[in-house]
Amino acid sequence: RRESKMEVEAARNIGAGPAVVALGGAGAGLGVLFGNYLNAAVRNPAAAEKWFGRMMMTFALVEATGLFAFVVAMIILFV
C-alpha cells in the first residue's frame, strides 16, 4: 500500500508546518521584547535595572515556547 505511506508522510509534513511557524513567532517575539526594552532603557536609564529581571523572565518564557514548538515538530516528523 504505497499510497498509505505517502499519505502519512504528507500528514507529518503538514502537521510540522505550524510548529515551524511557531519558531518564527518566537524569534519575532524576542526581537520585539529586546527592542522595546532597549528603547525604554535609553529613555529612562534609572528604571532599566528594575525592568531587567522581568525582561529576562519573559525571555525565558518566549524561548521555552520556541523550544517546545521545535520539539513538537521533531516528534511529528521523526516518531
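This briefing covers the helices, the nonpolar core, the ring contacts and two glycines of the structure. The model is predicted. Helix H1 spans residues 2–43 and helix H2 spans 45–78, and each gives at least two residues to the largest nonpolar core. H2 carries a kink of about 45° centred on Trp51.

**Nonpolar core**

- Six residues make up the largest nonpolar core: Leu30, Leu33, Tyr37, Ala41, Ala48 and Met55.
- H1 (2–43) and H2 (45–78) both supply at least two residues of this core.
- H1 accounts for the largest share of this core, with four residues.
- In soluble globular proteins, nonpolar side chains tend to be buried together.

**Helix H2**

- H2 is 34 residues in length and reaches 48 Å from its first C-alpha to its last.
- That reach is close to the 50 Å expected at 1.5 Å a residue.
- The kink in H2, of about 45°, has its centre on Trp51.
- Buried positions in H2 are Ala48, Met55, Gly66, Ala69 and Ala73.
- Of these, Ala48 and Met55 also belong to the largest nonpolar core.

**Tyr37, Trp51 and the rings**

- Leaving aside residues up to four places away in sequence, Tyr37 touches Ala48, Trp51, Phe52 and Met55.
- Tyr37 is itself a member of the largest nonpolar core, as are its contacts Ala48 and Met55.
- Trp51, on which the H2 kink is centred, has Arg54 over its face at 4.7 Å from the ring centre.
- The structure holds two aromatic pairs.

**Gly15 and Gly17**

- Gly15 is part of helix H1.
- Gly15 counts as partly exposed because its relative accessible area of 28% lies between the 20% and 50% cut-offs.
- Gly15 and Ala64 are separated by 49 residues in sequence and by 20 Å in space, C-alpha to C-alpha.
- Gly17 is also found in helix H1.
- Gly17, with a relative accessible area of 29%, is partly exposed as well.
- Gly17 and Gly66 are 49 residues apart along the chain, and their C-alpha atoms are 14 Å apart.
- Gly66 is one of the buried residues of H2.

Methods: Residues are numbered from 1 along each chain as its sequence is written. This is a predicted model: local features need pLDDT of at least 70, side-chain atom pairs count only at pLDDT 80 or more; totals for chains, interfaces and linings use all residues. Side-chain values use heavy atoms; hydrogens and water are left out. Rings of Phe, Tyr and Trp (its six-membered ring) pair if their centres lie within 6.5 Å; planes under 30 degrees apart count as stacked, over 60 as edge-to-face and the rest as tilted. A charge sits over a ring if NZ of Lys or CZ of Arg is within 6 Å of the ring centre and within 35 degrees of the ring normal. A nonpolar core is a set of buried Ala, Val, Leu, Ile, Met, Phe, Trp, Tyr and Cys residues joined through side-chain atoms within 4.5 Å. Buried means under 20% relative accessible area, exposed over 50%, partly exposed in between (1.4 Å probe, protein chains only). Contact means heavy atoms within 4.5 Å. The expected span of a helix is 1.5 Å times one less than its number of residues. The bend at a residue is the angle between axes fitted to the seven residues ending there and the seven starting there.
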